[in-house]
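Here is a brief report on a ligand site and one long-range link in the fold. Have the viewer open as you read.

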Amino acid sequence: MFNDLAGLRVLITGSTKGIGLAAAKAFAAAGAQVGINGHRHDAAHDQLAADIAISVGEVAYFGADVTQSAECEALVAKFVARFGGIDVLVNNAGGLGGRQGLENIDDEFYDQVMNLNARSALMVTKFAIPHLRQAAKQRGKTSSVISTGSIAGREGGGPGASLYAASKAWLHNINRNWVKEFTQDNIRFNVIAPGTIDTVFHADKSAEVRDKIAGSIAMGRFGTSEELAPSYLFFASHACSGYITGQILDVNGGQMAP
Ligand code: NAD
């Protein structure tokens, strides 16, 4: 069913590590043309793109800090200059941005978390829309925007992660509005809400805390980035999900059933 991904032009923000990288590898293996992105560019990232491309698809690295609107615009422009358009956008860049209780939150911390998780997806999507619209028209198939939300956006987040959780709830909801604005252009919007996935996101946690979290998950363990990747392919594939838009898919090993 995923065989309509070959040749699709897929831009994935925040994809030099973790969930985004696993998705990039899966798209490349399916024959897509993939743009990977991170904010700290070094030669290793070009090598990373070359390594992934050894599969079937074509992969290129595009450095951009997506907390900055101008860099979001430049990222889309560079991707389009290379691949000629965009069929699939994955808004994956994001992160905790630090932990602060309410009484310690100041403007700087607010901007840091909201720019990373909310502004980034808003601005990359804004600049990608004309290309997604054109691609849908040319192919006669839906284009797809897939955003990485979070279980935190459903249940409020852990200690000090109120803004992160709120930014993900914001992301879940803005996609519902975009469905109303852009379905007429044949663009679909869906969100993948991971549970606790074993990436550097959790590097600050002790073994004891990790065990406690694992114990709260029905499957008794953290998920892996590779277990997330097929869900991105599903939402990118018109054949698989052409009639699905405005949805949140929880991939969390039974950690929560909303
Ligand atoms: P990660 O830290 O392993 O990877 C994050 C990626 O984003 C990296 O490639 C990094 O270079 C990139 N990035 C960070 N800031 C950036 C910026 N300003 N501009 C461009 N790229 C930037 O994280 P991950 O765990 O794979 O998380 C990926 C997404 O999944 C995030 O949106 C995160 O909030 C979400 N998420 C993760 C978990 C989890 O348990 N790991 C759970 C729920 C949601």
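## Ligand contacts

A polar backbone atom of valine 66 lies 3.0 Å from a nitrogen atom of the ligand. The model is predicted. Two side chains also make polar contacts with the ligand, through aspartate 65 and histidine 202. The table sets out the three pairs.

| Residue | Protein atom | Ligand atom | Distance |
|---|---|---|---|
| Aspartate 65 | polar side-chain atom | nitrogen | 2.8 Å |
| Valine 66 | polar backbone atom | nitrogen | 3.0 Å |
| Histidine 202 | polar side-chain atom | oxygen | 2.6 Å |

How much of the ligand does the protein cover? On its own, the ligand has 830 Å² of accessible area, and the protein covers 94% of that. The ligand takes up the space of the largest pocket. Three elements each give two or more residues to the shell: helix H1 (18-29), strand E2 (33-38) and helix H6 (162-182).

There are 31 residues around the ligand. Thr16, Asn92, Tyr164, Thr199 and His202 come nearest. By class, the shell holds 18 polar, 10 nonpolar and 3 charged residues.

## Salt bridges

The whole structure has 9 salt bridges. One of them joins the side chains of arginine 9 and aspartate 87, at 2.8 Å from N to O. Arginine 9 sits in strand E1 (residues 9-12), while aspartate 87 is in the loop between helix H3 (69-83) and strand E4 (88-91), so this pair ties together parts 78 residues apart in sequence.

Note on methods:
Residues numbered from 1 in each chain as written. Predicted model: local features only at pLDDT ≥ 70, side-chain atom pairs only at ≥ 80, totals over all residues. Heavy atoms only, no water. Near = heavy atom within 4 Å. Polar contact = N/O pair within 3.5 Å; in protein donor to acceptor, adjacent residues only side chain to side chain. Areas by Shrake-Rupley, 256 points an atom, 1.4 Å probe, with all protein chains shown as cover. 1 Å grid on protein atoms, 1.4 Å probe; cavity = no way out; pocket = protein on both sides within 12 Å on 5 of 7 lines; lining within 4 Å. Sits in = over half its atoms within 2 Å of the grid points. Helix = DSSP H or I, 4+ residues; strand = E, 2+ residues; numbered from the N terminus. Nonpolar A, V, L, I, M, F, W, Y, C, P; charged D, E, K, R; others polar. Salt bridge = Lys/Arg side-chain N within 4 Å of Asp/Glu carboxyl O.
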